[in-house]
Amino acid sequence: MTRYRYMPFSSGSRFTALRVGLLSALLLGSLVWVSSLQVRCDPATATVSIQIVGVYTTNSTGHNMTTFKRGQTVIVWVTVRNLGSDLDLPPLGPITWVEVTDPRSAPFTVQFHIGVLPGGGRITRAGFNVRLDYGPGIVDIPTGTYRASGFVSDKMISQGGSFFAPQASATFEVSL
Amino acid sequence: MIGLRLLAIVVVVLIWGTLTADVSGYPQLMVSIFTNSMSYNPGESVTLYGYVKDTAGTPVPYATVSIQVNDPIGSPLHIMYVNSYTDGGYSDTFNLPMSAGNGMYTAYVTAYAYQWNPSNSLARFSVPRITLYSLQSRTFGAAPNRVYFIYPDYGHAQYKLPGVGLAALSDWSAMGILYGMCSNIQNDGLDTNGILVDLSSGSPVFSEKSVVVMGGRGVHNVVYYYEDRKLAPLYFSCDAATYYLKKRDGSTVGSISISELTDLHRDIFVLEAFTDLKGNAVLIAYGITWKGTFAAGLYLKSVIAPSLASYSHAWYVFRWDDLNGDGMIDLSEITQIANGD
């Protein structure tokens, strides 16, 4: 599912150079190819079109897997398509997140990756390393079905950010 | 060539409009967030809920609601994306991990909707679960000098917070009952003592201790602080005809009309336990009038303490009616009207 969000920019000063460029283009009577511009934007005031394509799991050698044993490492991949411009929201955005919940619906881990999401419909993958134990020497995590959910936000929700699109999820099994 | 220039003008005007339109022209969302309990044990279910409304209080349906719960050291524990319902409400439930550490957790929320200004809010809860019973070991049975009994000052008006007045000595009498329940010598002091209380906010300055306070927010700096910041489970409220005790989400759990209080033959009072932002275990007790506060002390000492293990909730509201009309508080005249976490 894609959620299109539109809010105009409120801070004009950062776009002075852009405006000058656009005015120059007007005076020269030439067209401006907007999508070629690298627009850095305030997330709350940007045109953003993010789609979480999917979530899947592999082992540490990159082979698709959905069944693991306690103590093993699972790589949770979140794939994101950005249909808008390149999305770069410094200092801490955009953020691609993954939450893994255990069979009791308790959060097992929340991890995030901060980095540019190239636009123009390109797909970005982010991989998250999840070790299936509670720590060194402790392997008593519950067995059963785990759920990995991927999210993308403009910045930390704790800093006033918000998620761009509904999460996508995948499940995997953990056995003894 | 003219057509090309015209097209360029249209493109630039459209782009410019997109980039410079004033976001403040949009209406403001208002989002709230609450927890179904002030505290939990590891493994227990946590429900976060709230409402997305406009500034006039009208529900805003289908807003996107982003949630992030941080653990006591500030690391993300849980995230969720939901939409508000047609009544503006939303909710999210998750189970705390069995490995959840002790301390204060914070749930952040952002609400967003197309052509609205977004809104943020937060709620806190603590681990482990705190109840009247669980306070026993941290207050009345605590080691020496671990508990601070903070009395509402009856003088030094200049050190009271705005909206906080001088106390009646009857509040001290009620405190004396509770102090007498302690196994060991404990600390005490006034709510106007800057060594104990930050006089700019009313917050205790110490941490990881226990606090016992009696008297309402109208006379006690510390109670005012806990209620004003919505750190206490319940808070006092009133209108022209009625006094209320309300939960943080605004729902009423106890009320009494002002006219009922005029002859001091009836009252409602609260006993509540919680953990504050500095890790202090807090016990608050007060009535709407001084007789209610005194009744809280008597009831805690004579009825609750002997069967404390059965008091497994964080807060209780009681009502006293002077059935025999003697003006004295008889324990048989006190009834529980609400409890919760």
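A salt bridge here is a side-chain nitrogen of Lys or Arg within 4 Å of a carboxyl oxygen of Asp or Glu. With that in hand, let us tour some close-up views of this predicted model.

**View 1. R129(B) and its salt-bridge partners, E44(B) and D341(B)**. R129(B) pairs with D341(B), and their closest N and O atoms are 3.5 Å apart. This pair ties together distant parts of the chain: R129(B) sits in the loop between β8 and β9 of chain B, while D341(B) belongs to the segment after β18 (334–340), 212 residues apart. R129(B) also forms a salt bridge with E44(B), where the closest N and O atoms are 3.0 Å apart. Here too the link spans distant parts of the chain, since E44(B) is in the loop between β2 (34–35) and β3 of chain B, 85 residues apart from R129(B). How accessible are the residues of this view? R129(B) is partly exposed, with a relative accessible area of 22%. D341(B) counts as partly exposed because its relative accessibility is 22%, and E44(B), at 23%, is partly exposed as well.

**View 2. More salt bridges, in chain A and chain B**. In chain A, R131(A) forms a salt bridge with D133(A), with the closest N and O atoms 2.7 Å apart. Is D133(A) buried or exposed? At 8% relative accessibility, D133(A) counts as buried, as the cut-off for that class is under 20%. In chain B, salt bridges that share partners gather E260(B), D263(B), R266(B), R319(B) and D321(B) into one network. Across the whole structure, a search over all chains finds 12 salt bridges.

**View 3. Two cis peptide bonds that lead into prolines, P94(A) and P128(B)**. As background for this view and the next one, most peptide bonds are trans, and most residues other than glycine have a negative phi. In chain A, a cis peptide bond joins G93(A) to P94(A), with omega about -5°. P94(A) is found in the loop between β4 (73–82) and β5 (95–101) of chain A. In chain B, the cis bond is between V127(B) and P128(B), with omega about 5°. P128(B) lies in the loop between β8 (119–127) and β9 (147–151) of chain B.

**View 4. Positive phi at Y62(B) and N145(B)**. Y62(B) is not a glycine, yet its phi is near 65°, a positive value. You will find Y62(B) in the loop between β3 (45–54) and β4 (64–70) of chain B. Y62(B) counts as exposed because its relative accessibility is 58%. N145(B), also not a glycine, has a positive phi of about 60°. N145(B) is placed in the loop between β8 and β9 of chain B, and at 42% relative accessibility it counts as partly exposed.

**View 5. Helices α2(B) and α5(B), side by side**. The axes of α2 (residues 169–179) and α5 (residues 290–304) of chain B come within 9 Å and cross at roughly 5°. That angle makes α2(B) roughly parallel to α5(B), because angles under 35 degrees fall in that class. From α2(B), the residues in contact are S170(B), D171(B), S173(B), A174(B), I177(B) and L178(B); they meet W290(B), T293(B), F294(B), G297(B), L298(B), L300(B) and K301(B) of α5(B). Sorted by class, this contact has seven nonpolar, four polar and two charged residues.

**View 6. Strand β8(A) and its partners, β5(A) and β9(A)**. Why is β8(A) described as largely enclosed by the rest of the structure? Seven of the 10 residues of this strand (residues 144–153) are buried, so the surroundings largely enclose it. Seven bridges join β5(A) to β8(A), and the two run antiparallel; in this pairing T96(A) stands opposite V152(A). Seven bridges also join β8(A) to β9 (residues 168–175) of chain A, again antiparallel, with S149(A) opposite S169(A).

**View 7. An open sheet of three strands in chain B**. The strands follow the order β12-β13-β14, with antiparallel pairing. At the edges are β12 (234–238) and β14 (252–257), each pairing on one side only. Neighbouring strands are turned by 20° against each other on average, direction ignored. Five bridges join β12(B) to β13 (residues 242–247) of chain B, where L234(B) has K247(B) as its bridge partner.

Key: Residues are numbered from 1 along each chain as its sequence is written. Chains are lettered from A and ligands numbered from 1 in the order in which they are written. This is a predicted model: local features need pLDDT of at least 70, side-chain atom pairs count only at pLDDT 80 or more; totals for chains, interfaces and linings use all residues. Side-chain values use heavy atoms; hydrogens and water are left out. Helices (H or I, at least four residues) and strands (E, at least two) are DSSP runs, numbered from the N terminus. Buried means under 20% relative accessible area, exposed over 50%, partly exposed in between (1.4 Å probe, protein chains only). Axes are lines fitted to C-alpha atoms, for helices over the stretch in contact, and angles run from 0 to 180 degrees between N-to-C directions. Angles under 35 degrees count as roughly parallel, over 145 as roughly antiparallel, 65 to 115 as roughly perpendicular and the rest as oblique. Contact means heavy atoms within 4.5 Å. Ala, Val, Leu, Ile, Met, Phe, Trp, Tyr, Cys and Pro count as nonpolar, Asp, Glu, Lys and Arg as charged, and the others, Gly among them, as polar. Two strands pair if DSSP finds at least two bridges between them.
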